[in-house]
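Please look over the sequence and the coordinates shown here. The paragraphs after them go through the structure part by part.

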Amino acid sequence: MNEYLFIDQHGDALIVRQEAHETSLSCLQTLVGGLIQIVPSNKIDADVWVNEEGLFFPQFGINLVASYITGRQLVGPAVFTNSNEEGDTISLDKSILNLLKREGLLVDDKVWTPAEVAKEY
């Protein structure tokens with residue numbers, strides 16, 4: 001199953017594994033807390049997904065970590081993925097994750113499910 005990098009608005013970084021019964025859409029919507037919007041990254045080769053209405057939610061603050069990684073101001077949780085030639089959402093490339101870790105991103109060792117993330121974050 002696909003594995004994504006989730007960064008909450010406070011900078012907590014987690015690996016989330018899409019569950020077998022889930023579509024990418026439902027997984028991403030669970031992780032960002034609603035409708036999704038893709039945001040291009042100015043710095044890394046990744047797709048970044050955020051809540052489409054995040055700017056309207058006062059509980060969503062600026063996500064400083066995700067904003068730094070992408071070179072764009074983002075609010076609320078952000079999910080980093082890649083896509084294949086057909087445009088399907090796939091796991092974030094391990095080389096990108098390793099680069100981010102080398103640059104100082106602290107990623108929880110546990111692999112989370114979307115339901116666990118929704119409950120905790």
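**Helix α3 and its surroundings**

On one side of α3, Lys-94 and Arg-102 are exposed. The model is a predicted one, and this helix is a convenient place to begin reading it. The other side of α3, residues 94-102, holds the buried residues Ile-96, Leu-97 and Leu-100. These three lie on the same side of the helix because they cover an arc of only 100° around its axis. An α-helix has 3.6 residues a turn, so residues three or four places apart point the same way. What covers the buried residues of α3 includes the strands β1 (3-7), β2 (13-17), β5 (78-83) and β7 (107-112), together with helix α2 (64-70). After α3 comes Gly-104, which has a positive phi near 110°.

Strand β1 is among the elements that cover α3. Five of the five residues of β1 are buried, so the rest of the structure largely encloses this strand. In a regular strand the side chains alternate between the two faces of the sheet. In β1, Glu-3, Leu-5 and Ile-7 point one way, while Tyr-4 and Phe-6 point the other way.

How is β1 paired? Strands β1 and β2 run antiparallel and are joined by five bridges. Within this pairing, Tyr-4 has Val-16 of β2 as its bridge partner. The two strands form a hairpin with five residues between them, and Gly-11 in the turn has a positive phi of about 95°. Strand β1 also runs antiparallel to β5, to which three bridges join it. There the bridge partner of Phe-6 is Val-79 of β5.

Which side chains form salt bridges? A search of the whole structure finds three of them. In one, Arg-17 pairs with Glu-3, with the closest N and O atoms 2.5 Å apart. This pair links distant parts of the chain, as Arg-17 is in strand β2 and Glu-3 in strand β1, 14 residues apart. Arg-17 counts as partly exposed, at 38% relative accessibility. Glu-3 has a relative accessibility of 16% and therefore counts as buried, the limit for that class being under 20%.

Glu-3 also forms a salt bridge with Lys-94, where the closest N and O atoms are 3.2 Å apart. Because Lys-94 lies in helix α3 and Glu-3 in strand β1, this pair ties together parts that are 91 residues apart in sequence. Lys-94 is exposed, with a relative accessible area of 51%. Another salt bridge joins the side chains of Glu-116 and Lys-110, at 3.5 Å from N to O. Glu-116 is partly exposed, with a relative accessible area of 29%, and Lys-110 is partly exposed as well, at 38%. Through shared partners, salt bridges join Glu-3, Arg-17 and Lys-94 into one network.

The nonpolar interior comes next. The largest nonpolar core has 20 residues, and those with the most contacts inside it are Leu-5, Phe-80 and Leu-105. At least two residues of this core come from each of β1, β2, β4 (47-51), α2, β5 and α3. Helix α3 gives the most, with three residues. Beyond its neighbours within four places in sequence, Phe-80 is in contact with residues including Tyr-4, Leu-5, Ile-7, Ile-44, Val-48, Ala-66, Ile-69 and Leu-92. A second, separate core of 13 residues includes Phe-6, Leu-14, Cys-27 and Val-79. Phe-6 and Val-79 are also the bridge partners named above for β1 and β5.

Cys-27 leads to helix α1, residues 24-32, whose buried residues are Ser-24, Cys-27, Leu-28, Leu-31 and Val-32. Seen down the axis of α1, these residues fall within an arc of 120°, so they line one face of the helix. Gly-33 follows α1 and has a positive phi, near 80°.

Two of the α1 residues, Ser-24 and Leu-28, are also contacts of Thr-89. Thr-89 is found in strand β6, residues 89-90, and is buried, with a relative accessible area of 16%. Leaving aside its neighbours within four places in sequence, Thr-89 also contacts Asn-2, Tyr-4, Trp-49, Thr-81, Asn-82 and Ser-83.

Key:
Residues are numbered from 1 along each chain as its sequence is written. This is a predicted model: local features need pLDDT of at least 70, side-chain atom pairs count only at pLDDT 80 or more; totals for chains, interfaces and linings use all residues. Side-chain values use heavy atoms; hydrogens and water are left out. Buried means under 20% relative accessible area, exposed over 50%, partly exposed in between (1.4 Å probe, protein chains only). Helices (H or I, at least four residues) and strands (E, at least two) are DSSP runs, numbered from the N terminus. The arc is that of the directions from the helix axis to the C-beta atoms. Contact means heavy atoms within 4.5 Å. Two strands pair if DSSP finds at least two bridges between them. A salt bridge is a side-chain nitrogen of Lys or Arg within 4 Å of a carboxyl oxygen of Asp or Glu. A nonpolar core is a set of buried Ala, Val, Leu, Ile, Met, Phe, Trp, Tyr and Cys residues joined through side-chain atoms within 4.5 Å.
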